Amino acid sequence: MATPSTDTTRSAPAPGTNAHHALAAHEVLLLLETDRRDGLSESEAAHRLERYGPNQLPVVDTAGPLARFLRQLNHPLIYVLLAAGTVTLLLRELVDSAVIFGVVLVNAVVGFIQESKAEAALDALRSMVRTHARVRRDGQVRTIPSEELVPGDIALIEAGDKVPADLRLIEVAELQVDESALTGESLPVVKDEVVLADSTPVADRRNMLYSGTLVTSGTGTGVVVATGAETELGEIHRLVGTAETLATPLTRKLTAFSKLLTVVILGLAAVTFAVGLLRGERATEMFTAAVALAVGAIPEGLPAAVTITLAIGVNRMARRRAVIRRMPAVETLGSTTVVCSDKTGTLTENQMTVRALWTPHHHYEVTGAGYQPDGAVLDSGGAPAALDTDQALRWTLVAGALCNDARLDHTDGTWAVLGDPTEGAMLVAATKAGIDPKNLRDELPRVASIPFNSERKYMATLHTGSDGAVALVKGAVERIVDLCADQMGPTGRAEPLDREQILAAAEDLAHRGLRVLGTAHGHLASEGDFDVEAIRGRLTFTGLHAMLDPPRPGAIDAVRSCHTAGIDVKMITGDHAATATAVAEQLGILTGDEPGRVLTGTELASLTPEEYPAAVERASVFARVSPEQKLRLVEGLQGRHHIVAMTGDGVNDAPALQQADIGVAMGLGGTEVAKEAADMVLTDDNFATIEAAVEEGRGVFDNLTKFIVWTLPTNMGEGLVILIAIVLGSTLPILPVQILWINMTTAIALGLMLAFEPKEAGIMQRPPRDPQRPLLTGALVIRILVVSAVLIGGAWWVFEFEQTTGSTAEEARTAALNLFVVVEAFYLFSCRSLTHSVWHVGVFSNRWILAGASVQALGQIAITYLPIMNTVFQTSPISAGVWLRIFAVAAATTVIVAIDKRLRRQLAWTS
Ligand code: ATP
């Protein structure tokens, strides 16, 4: 935490004051003992980090361990158990009461551990998506984790960033910030660096940037004046319990369902109690019977199983590089019907190599691959290009190299680009032609720039040379042509602009799947003439760069896999339609050339609201689309009842990401704004990861369904056995404590293991799940009823068999208890696939289930044969013959379920 220092040997900066807005930038720099150009030194930064602590808001966890433990007791079922335990205690049924309280305790402990684990997992996931800040240290621009920012750091900010600390601006260019996190005002605020009056309120301090706000456009440089808890955000808004809940629409529905079930069952239990009393039974016995009914019939394992299944799903997705930010996404993923993906960087590698160059009179091929500047620019005769004989080529390469913010980095023998790959490729091309970008930058220093953005689709820079001010521009060909009055000939002289020829050449290159950028050059009378309006129509076109960006390995397979899974893949790109079409064909997104499969932004804009949804549903490639159009695209598809996953990385993508059913942001190349808006973040920016996440999402849903299909027959069976016994006025075939034993042990040792069930083969060969479809189809409800009937029939049979052959009531009940557990264990294996037989999935393919079943078996042996357990649970050892009958019923259950599955499969084939 920041405390002004009293250290006199090293005079301290004064981040404690908060009137930085009322000081001139140089005064703030002085106060914080930092340098505008060089920033802090690494050693000073380390020293300050130690003094002020990391740049983090302290997380205040409102719920301590005890509160979290007690929260586990806040469940209708637990109230029932607590009430039952207390009444049994008052009735001096000490053993029953101890068991009931024991169960409550075990339940709470399991719930506590499981919740803590799930939250820890989510926390870990959140930290996988870390924010970074760009700072100047020791004169170099460095990217550091945001937590390491210290007062005095010079931070560089650009559109898409989340402001990492409180900053006093010292330089701005078109900077606009969404400060709604702080002020609630959602309109972006324009920033500048002028000095303000001391009394200016926080919301009006235009020369300050506040931590947690989002930069919507422009760039800026600022000096960090406060970090961590000292920031405005830290002051007014201590981060309270940011931990996300594990709730999803489905878990909420299930919780509501189990609450309703609890009420119904309690009502039923009350009726049972009353019926018993009317029949003249003893009140205590009837009470315990009613408790047994309630405890048996309520599926208490359900909430825990659902949460664990979801948490395991989230972890599996994270292992496959998809980080879930909002839990409902886990569920929605399984229902996705359309994936709209950006092209560059997601479907392709974003590893650009210039393959061809074109000037109005010549065509060149460029050899070599990657960012290594080995290769050459060859003319149509195969000879190295001579820049002297084609000035247009020279200026094309110069514009590419100078109107450029990227740098090439050569470390450990490998070449890499720092910055935009498109720009990196242009630096490499210039180097291959013998131009040294570094020398060029010295010859023609840059004095101003108009940054690239997806709307404008070009970038422009202004340089001062020996013969005056020179503007250099690069960008989308049609935009560049619009800026030009003429074109450059081989001698460097201007000639009339042949617009058609240029666009045709660009189109030809784009058909090869190459991304084409045009360049232009212009002499300006004065530096003041340099702005978007002033350069329009005053430049000279020089030539084209055409670059290859190969499809990502794995993307073609992932697209194919989506198609077999009934998921449509649509490519969205700012690139030219011809480039996009060629790349989409390579990826298998486009096959054949039906009309309407490729739409451009202009075509989209001209569609009527009636035509729109059908047209966007039919198209697979959207080219020259602006981020704003993505939002309408999502809405159009949703209008056709699609569940849409949409990728995005920029600030302008945020509305579309929010609107999409699954907003997918890029972890590596994405802006903080996009990540904030997204439901899922890809840590590798890879399209194949979306497909993997969908697959996992389907797996999660399968496992949830499997658990429910497994647990319900037991609950129904147990409840009904008791109900029938009371209605018939016969001895209870199973006691409340025994039911508690069955429910608690099987839910943990058997049921939960289904959450670890691997995905079934063929999971991506079926259509997406209709979100409207109920979790349990008619077929599954029938199966649940059949298995419940087998359980009830089996339990009665073994119980009666024992009773009529002279066994004690304890022996008969032990037989019934074991029957329940053994049938459940056998049925668990059947539930590992809802459609295929146990043999098909492999009996031994889920080791967790084998381990769980073994633990359960030991438990059953203990409860049947250990004298102490016999006393507590009122059981008794049983003979081999009984076991034989029990296993016969369990085997019969497996056969019946297998027959049911086979009949369903045949029905599905024939229908
Ligand atoms: P995708 O949407 O597939 O990710 P993209 O993000 O590459 O595509 P944009 O970045 O919006 O699309 O680029 C659109 C067009 O703008 C490109 O086709 C290119 O002509 C031009 N362009 C791209 N990057 C730059 C840049 N750094 N400077 C100037 N122009 C650029």
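**View A. The largest nonpolar core of the predicted model.** The largest nonpolar core, a set of buried Ala, Val, Leu, Ile, Met, Phe, Trp, Tyr and Cys residues joined through side-chain atoms within 4.5 Å, has 75 residues, and those with the most contacts inside it are Met-571, Met-680 and Phe-687. Buried here means under 20% relative accessible area (1.4 Å probe, protein chains only). Helix H26 (residues 687-728), a DSSP run of H or I with at least four residues, gives the most to this core, with 13 residues. At least three core residues come from each of domain 2 (246-317 + 698-910) and domain 3 (324-348 + 553-692), with bounds taken from an automatic or database domain assignment. This is a predicted model in which local features need pLDDT of at least 70 and side-chain atom pairs count only at pLDDT 80 or more, whereas totals for chains, interfaces and linings use all residues. Residues are numbered from 1 along each chain as its sequence is written, and side-chain values use heavy atoms, with hydrogens and water left out.

**View B. The shell around the ligand.** The ligand is surrounded by 20 residues, the closest being Lys-343, Thr-344, Asp-420, Arg-515 and Asp-575, where a residue counts if one of its heavy atoms lies within 4 Å. Because domain 3 (324-348 + 553-692) and domain 4 (353-420 + 432-548) both give residues to this shell, the ligand lies between them.

**View C. Polar atoms beside the ligand.** A polar side-chain atom of Glu-423 lies 3.1 Å from a ligand nitrogen atom, while a polar side-chain atom of Arg-624 lies 3.1 Å from a ligand oxygen atom.

Key
Polar contact = N/O pair within 3.5 Å; in protein donor to acceptor, adjacent residues only side chain to side chain. Buried < 20%, exposed > 50% of the residue type's maximum accessible area, 1.4 Å probe, protein only. Helix = DSSP H or I, 4+ residues; strand = E, 2+ residues; numbered from the N terminus.
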